[in-house]
Amino acid sequence: MNREKIVNELKQNPRQSRADLSKKTNLSKPAVSEIVKELIEDDLVFETGLGPSTGGKKPIYLEYNARSNYVLGTLIENETIFLALGDMNGEIINFHKEKFTPFSDGNVIVNIIAEGVRELLNREQIDDEKVLGMVIGVSGIKMNNEEVISSSPSINWDNVNLKQELSTRLNSQIIIENDVNLMTIGEFYKGEGIGINDFIYLFIGNGIGSGLFLDGKFYKGFHSAAGEIGYMVIGNQQPLSEDLGVFETNYGLFGVSKKLKQLNIDIQDEKSLLNFLQKNCDNKDIKTILEDTINQWAKAASNIISIIDPQAVILSGELTYLNNFYYNRFQRMIESYVPKIPQIKITELESKAGIYGALHLALQHFYEPNF
């Protein structure tokens, strides 16, 4: 406990002397000196130079070694896999991303992640034993069982046990978490959620989901399924997709794309489906689909705002591509529905929100072995 107390103090306030640490931690100077000696031997702390003298011997400053060990974060978003190597402060050291074909077999995803991790470690010349563990963000995770993913909007997991497969191949501890949950955690630590105790993170992609921070804590719900707004009963209830809720079946990217294809509208190769709709809204059919989609997204946001009463709502995924006209329309609709309008923010982290969330969750779970 005392080792952790000293390390945490140095993480929050770098460049302190042994005497400073004694005052801050209320530990005796001999105890601090002995613990610091152990931490230096374990490569968790290093001496960084001399400080100014206050009349006696110059103090030796100490810093926490954030690269004493490492964690890995992975996010599977739509048809892209993002991987990052992080230090013990949750900062990204190196980053890798790779596309995959929609509805790929789960084994393909396992191979991409395993090979991507090897590439990251080779780039930084880091040995496997220095990696404490990895957190992977996946959409469609079965919330009460992290061993097997029951369904996903864009991957055929079948009987592939992602956690078990990667644990074996990488010889590492693995945690599987919902992707939007990780994005929400990332915004709290590194993005638009900094300093905000009550906020909703709203994501529109192939699937639709949200994450909740209430009273400064991430809220998962009794069944770990809080924020699964893709299951709101919004839109046509028949036919339902086996792997998606009613709302995301109708108004996730797959649902909107299906409506366009039914009208024989060719979807051009755009980074964003919403961009395509906005650019081509002079077409009457496209404009109808666009405005209906935005209206339903705004209704879903209004529903959850009216229940939670957050300080802020952070928009992500397709919502970041709203042009000025439709962003104002989206906001006005919410204002017309809810009694108290929260701040409406747009993420600047984008996919990196999920990566930062994965790294910080990994630190929470795998941090203790350092001590």
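Biologist: What makes the crossing of α10 and α11 left-handed or right-handed?
Modeller: In this predicted model, the crossing of α10 and α11 is right-handed, because the near helix is turned clockwise from the far one by less than a right angle (anticlockwise would be left-handed). Local features need pLDDT of at least 70 and side-chain atom pairs 80 or more, while totals for chains, interfaces and linings use all residues. Residues are numbered from 1 along each chain, and side-chain values use heavy atoms, without hydrogens or water.

Biologist: At what angle do α10 and α11 pack?
Modeller: Helix α10 (residues 284-308) and helix α11 (residues 324-337) pack at about 40°, with axes 9 Å apart. That makes α10 oblique to α11, because oblique covers angles outside under 35 degrees (roughly parallel), over 145 (roughly antiparallel) and 65 to 115 (roughly perpendicular).

Biologist: Which residues make the contact?
Modeller: With contact meaning heavy atoms within 4.5 Å, they include L290, I294, W297 and I305 of α10, and F330, M333 and Y337 of α11. By class, the contact of α10 with α11 has 11 nonpolar, two polar and four charged residues.

Biologist: How many cavities of 30 Å³ or more does a search of the whole structure find?
Modeller: One. A cavity is a set of points on a 1 Å grid where a 1.4 Å probe fits but cannot get out, and lining residues have an atom within 4 Å of a point. The largest cavity has a volume of about 70 Å³.

Biologist: Which helix gives the most to the lining of the largest cavity?
Modeller: Helix α4 (residues 106-124), with three residues. Among the residues that line the largest cavity are L72, V117, R118, L121 and D128. By class, that lining has five nonpolar, two polar and two charged residues.

Technical notes: Axes fitted to C-alpha atoms, helices over the stretch in contact; angles between N-to-C directions. Helix = DSSP H or I, 4+ residues; strand = E, 2+ residues; numbered from the N terminus. Nonpolar A, V, L, I, M, F, W, Y, C, P; charged D, E, K, R; others polar. 1 Å grid on protein atoms, 1.4 Å probe; cavity = no way out; pocket = protein on both sides within 12 Å on 5 of 7 lines; lining within 4 Å. Points joined across faces, edges and corners; volume = space filled by probe spheres on them.
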